[in-house]
Protein chains: 2
Amino acid sequence: MTRRHNRTRADRGIPEATVARLPVYLRVLHSLQERGVATVSSEELAAAAGVNSAKLRKDLSHLGSYGTRGVGYEVDYLVYQISRELGLTQDWVVAIIGVGNLGRALAGYGGFASRGFRVAALFDSSPSVVGERISGLTVRHIDELESVIAEQGVSIAVIATPAAAAQSMCDRVVAAGVTSVLNFAPVVLSVPEGVDVRKVDLSIELQILAFHEQRKAGGPGDAEPAETAEEDWTGEMADRLKTDPDASADAHGDRQEGEKPSGTSQYIEAVEA
Amino acid sequence: MTRRHNRTRADRGIPEATVARLPVYLRVLHSLQERGVATVSSEELAAAAGVNSAKLRKDLSHLGSYGTRGVGYEVDYLVYQISRELGLTQDWVVAIIGVGNLGRALAGYGGFASRGFRVAALFDSSPSVVGERISGLTVRHIDELESVIAEQGVSIAVIATPAAAAQSMCDRVVAAGVTSVLNFAPVVLSVPEGVDVRKVDLSIELQILAFHEQRKAGGPGDAEPAETAEEDWTGEMADRLKTDPDASADAHGDRQEGEKPSGTSQYIEAVEA
DNA sequence: GCCTGTGAAAATGTTCACAGCA
DNA sequence: TGCTGTGAACATTTTCACAGGC
């Protein structure tokens, strides 16, 4: 009883794994539209999306029976169905918090244009940034956060502040009514029930790649797989691994990293385009 | 028989889901180190990392028995073990391809400093960018890609080019010897066996949030769950959904999007003022 | 008594393989 | 014949719950 109606055809319960792939299918379908392709088979679509065709068919079957046996899927129709399922047939109002290097890149990113998202406001705390015009928007001071979010009906906030400011900014946007947060700061945000958070994190991605890269060579440290517990561990190694960065307070508030490696601070994560 | 040695204690087969979480634990542990915390329980660590404690314990158990019953885990030691497992006790040489808004943000991102990653080169094709100095590095022309990758021993490439250039740049870095790629361009990259690709994609994340956001309101279109197949579909809706953006070629080669709402692009620019 | 490490159960996700419709 | 839609097998991941060491 997740939703009000009694389960129908496609059922309202689409698996998370499927939801995460629908945007990929949609992107491929869009480019097929551009190339004037009218129909596509699960095999072709799957190949272009980088998944196996059985998986693609099962994914699409969760939305309903939108294909034609012996033929394939009609591109336009499928685009419409997936868009509708993802909620892209309506507009979502987005606010970007933190206008540093990353925030600028995001604000200037035409990808929001991928229909469905409208960046309505940019916020920063630094006087040297507030008032600046970026991609057609004037950067506002975070003091205006609550009022602007309410006025504009922002429902998605993109947090692109330094790690130290992320949680407090998150708390504020949530208190102001935002129910979805996309976090680019390298911290684990905690939010109340009912609020969704997704994170994008460059250093995590790099570390995962490093893990596999190491495997291609040969096990951890590229040496013996470490048999016993204490093995080659020495207290002094702890120091080599100490100079942390992450959650370290930025002393200040909302300046983005990059320019000056202020103290030990660094980080501010990832991104996207 | 994944690796050469016969399975030992921790076994070389760490689940992917676990690998993806280790960096998060590591980040939390680093901040505990900074705060001078010497020991932590699975409950505390899990809470800070935003996961359930049973999951955390199982994850760590894949690395070995590094905890003490009745006590918890020694922070320094765990940092060392996770770092080693992730391959962060050695340095990985990184190259960033594409120095647009995003590439700059990435290049200036101190997060690489999180030990283990060293940005050794920046590449772009635009004459107006080549030669520029960013974060201590001089931007090189992509013609030098192959030679620099070989010289510097780059093993991880970060692709921050427009969608249209991504696959060809990927092919080149792979041919030059790179075996791990972090892709920020909105395209599905295809690579030969043995090469790892991870993607970071803003619009996909936003779309996933939109899906859940829509659910909080009420089903697709916020209207009837669409009973029959043809339902409210009309051909004209196809047009509303056509003017794609994403995979659309940028005509040029390596300029980042944002500045010029090239052609059909919408939103972003016009919005607000 | 407290907290780790882990079997076993449950849930989720993937792949196979084929029935059945166009 | 060709390709979708889907049961059923398989694989992975999560969660439970508790045995056992400190």
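# Close-up views of a predicted protein–DNA model

**View 1. A pair within helix 8 of chain A.** Lys216(A) and Glu213(A) both sit in helix 8 (residues 202-217) of chain A, 3 residues apart, which is about one turn of the helix. This is a predicted model, and in it the two side chains form a salt bridge, with 3.2 Å between the closest N and O atoms. Lys216(A) is partly exposed, at a relative accessible area of 32%. Glu213(A), on the other hand, counts as buried, with 8% relative accessibility. Over in a neighbouring view you could look for Asp196(A), Glu213(B) and Lys216(B), which are linked in a network of salt bridges.

**View 2. A loop glycine of chain B that touches chain A.** Gly194(B) belongs to the loop between strand 9 (180-183) and strand 10 (196-199) of chain B. Is this glycine buried or partly exposed? Gly194(B) counts as partly exposed, because its relative accessibility is 43%. Leaving out residues up to four places away in sequence, Gly194(B) touches Lys216(A) and Thr179(B). Thr179(B) is 15 residues away along the chain, yet the two C-alpha atoms are separated by 7.1 Å.

**View 3. A salt bridge that joins the two chains.** Here Arg215(B) pairs with Glu85(A) in a salt bridge, the closest N and O atoms being 3.4 Å apart. Arg215(B) comes from helix 8 (residues 202-217) of chain B and Glu85(A) from helix 4 of chain A, so this pair joins two chains. Both partners are tucked away: Arg215(B) is buried, with a relative accessible area of 11%, and Glu85(A) is buried too, at 2%. Helix 4 of chain A covers residues 75-86. Over all chains, the structure holds 18 salt bridges.

**View 4. Asp59(A) meets Arg21(A).** The side chains of these two residues come together in a salt bridge, 2.7 Å from N to O. Asp59(A) is part of helix 3 of chain A and Arg21(A) part of helix 1 of chain A, so the pair ties together parts that are 38 residues apart in sequence. Asp59(A) counts as buried, at 2% relative accessibility. Arg21(A) also counts as buried, at 19%. Arg21(A) turns up again in the next view, as one of the closest residues to DNA strand C.

**View 5. Around DNA strand C.** How many residues surround DNA strand C? There are 25, and the closest are Arg21(A), Ser42(B), Arg57(B), Gly67(B) and Tyr73(B). Ser42(B) puts a polar side-chain atom 2.6 Å from a phosphate oxygen of the strand. Arg57(B) reaches a base instead, with a polar side-chain atom 2.8 Å from a base nitrogen. Tyr66(B) uses its backbone, where an N or O atom lies 3.4 Å from a phosphate oxygen. Elements giving two or more residues to this surface include helix 1 (16-34) of chain A and strand 3 (72-74) of chain B. Helix 3 of chain A gives the most, with 4 residues. By type, the surface residues split into 6 nonpolar, 10 polar and 9 charged. Of the strand's atoms within 4 Å of the protein, 62% belong to sugar or phosphate and the rest to bases.

**View 6. An annotated stretch of chain A.** An unreviewed UniProt entry places a "binding site" feature at Gly98(A), Val99(A), Gly100(A), Asn101(A), Leu102(A) and Gly103(A). Gly100(A) lies in the loop between strand 4 (92-97) and helix 5 (101-107), and counts as buried at 2% relative accessibility. Gly103(A) is in helix 5 and is buried as well, with a relative accessible area of 1%. Beyond its neighbours within four places in sequence, Gly103(A) is in contact with Ile96(A), Gly98(A) and Ala160(A).

Key
Residues are numbered from 1 along each chain as its sequence is written. Chains are lettered from A and ligands numbered from 1 in the order in which they are written. This is a predicted model: local features need pLDDT of at least 70, side-chain atom pairs count only at pLDDT 80 or more; totals for chains, interfaces and linings use all residues. Side-chain values use heavy atoms; hydrogens and water are left out. A residue is near a molecule or strand if one of its heavy atoms lies within 4 Å of it. A polar contact is a pair of N or O atoms within 3.5 Å; within protein, one must be able to donate a hydrogen and the other to accept it, and residues adjacent in sequence count only if both atoms are side-chain atoms. Ala, Val, Leu, Ile, Met, Phe, Trp, Tyr, Cys and Pro count as nonpolar, Asp, Glu, Lys and Arg as charged, and the others, Gly among them, as polar. Buried means under 20% relative accessible area, exposed over 50%, partly exposed in between (1.4 Å probe, protein chains only). Contact means heavy atoms within 4.5 Å. UniProt positions are given in the numbering used here, feature names are shortened, and annotations may be inferred rather than shown by experiment. A salt bridge is a side-chain nitrogen of Lys or Arg within 4 Å of a carboxyl oxygen of Asp or Glu.
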